[in-house]
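Let's take a walk through this structure together, one piece at a time. Keep the view open beside the text and turn it as you read.

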Amino acid sequence: ETLCEIFFGIFALAWIPTRHAILPWIYLQIWNVMDPELNLAPYDPASGAYMGEGTQRGFLIALGIFQLLLLMWLKDLVMGIYNALTGKEEKED
């Protein structure tokens, strides 16, 4: 049981920064590349630049939906941490 709690703690400490800090940073980087004033990623398949405006929007939509899913899982993770710290166990249905 102690080993399980240790691994759960490691998992929780790794989950929050990697899913809720790094992913939004990646989202922001893709958003910034879409800025027409910067013009960092022109669509030019001949030179290997395939990140056009539609591709960028597709990535932003997919990552936004994924972040919503991750936020739902974060709620469950925080509830699990709270239950572990207070000694409460979830009731199985």
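**Two helices and what lies between them**

Start with helix α2, where Q56, L60, L63, Q67, L70, L74, L77, G80 and N83 are buried. Keep in mind that this is a predicted model. What do those buried residues of α2 pack against? Their partner is α1, which covers residues 2-33. There's a general point that helps in reading such a list: an α-helix has 3.6 residues a turn, so residues three or four places apart point the same way.

Now look at α2 from end to end. This helix takes in residues 53-86, which makes 34 residues, and at 1.5 Å a residue it should span 50 Å. The C-alpha atoms at its ends are 49 Å apart, so the model agrees with that expectation. Just after α2 comes G87, and its phi is positive, near 85°.

Back to the packing. The largest nonpolar core is made of nine residues: A12, W15, L23, I30, L60, L63, L70, L74 and L77. Both α1 and α2 supply at least two residues of this core, but the largest share, five residues, comes from α2. To see one core member at work, pick L70: leaving aside residues up to four places away in sequence, L70 touches W15, R19, H20 and L23.

W15 deserves a stop of its own. At 9% relative accessibility it falls under the 20% cut-off, so W15 counts as buried. F11 sits in helix α1 along with W15, four residues apart, or about one turn of the helix. F11 has a relative accessibility of 42%, so this one counts as partly exposed.

These two residues also bring us to the aromatic rings. The structure holds two aromatic pairs. In one of them, the rings of F11 and W15 have centres 5.6 Å apart and planes at 45°, so the pair is tilted. Ring pairs then tie F11, W15 and W73 into a cluster.

Next, find H20, another residue of helix α1. Is H20 buried or exposed? Its relative accessibility is 19%, and because the limit is 20%, H20 still counts as buried. The side chain of H20 is joined to that of Q67 by a polar contact of 3.1 Å. If you again skip residues up to four places away in sequence, H20 touches W15, Q67, L70, L71 and L74. Q67, L70 and L74 are among the buried residues of α2 that you met at the start.

For charged side chains, how many salt bridges does the structure hold? There's one. The side chains of K75 and D76 meet in it, at 3.6 Å from N to O. K75 has a relative accessible area of 49%, so it is partly exposed. D76 is partly exposed too, with a relative accessible area of 42%.

One last stop: G9, which lies in helix α1. With a relative accessible area of 27%, G9 is partly exposed. Follow the chain from G9 to I81 and you'll find them 72 residues apart in sequence, yet their C-alpha atoms are 8.2 Å apart in space.

To pull the picture together, turn the model until both helices are in view: the buried residues of α2 pack against α1, and α1 and α2 each give at least two residues to the largest nonpolar core.

How values were computed
Residues numbered from 1 in each chain as written. Predicted model: local features only at pLDDT ≥ 70, side-chain atom pairs only at ≥ 80, totals over all residues. Heavy atoms only, no water. Expected span 1.5 Å × (residues − 1). Buried < 20%, exposed > 50% of the residue type's maximum accessible area, 1.4 Å probe, protein only. Contact = heavy atoms within 4.5 Å. Phe/Tyr/Trp six-rings, centres within 6.5 Å; stacked < 30°, edge-to-face > 60°. Core = buried A, V, L, I, M, F, W, Y, C linked by side-chain atoms within 4.5 Å. Salt bridge = Lys/Arg side-chain N within 4 Å of Asp/Glu carboxyl O. Polar contact = N/O pair within 3.5 Å; in protein donor to acceptor, adjacent residues only side chain to side chain.
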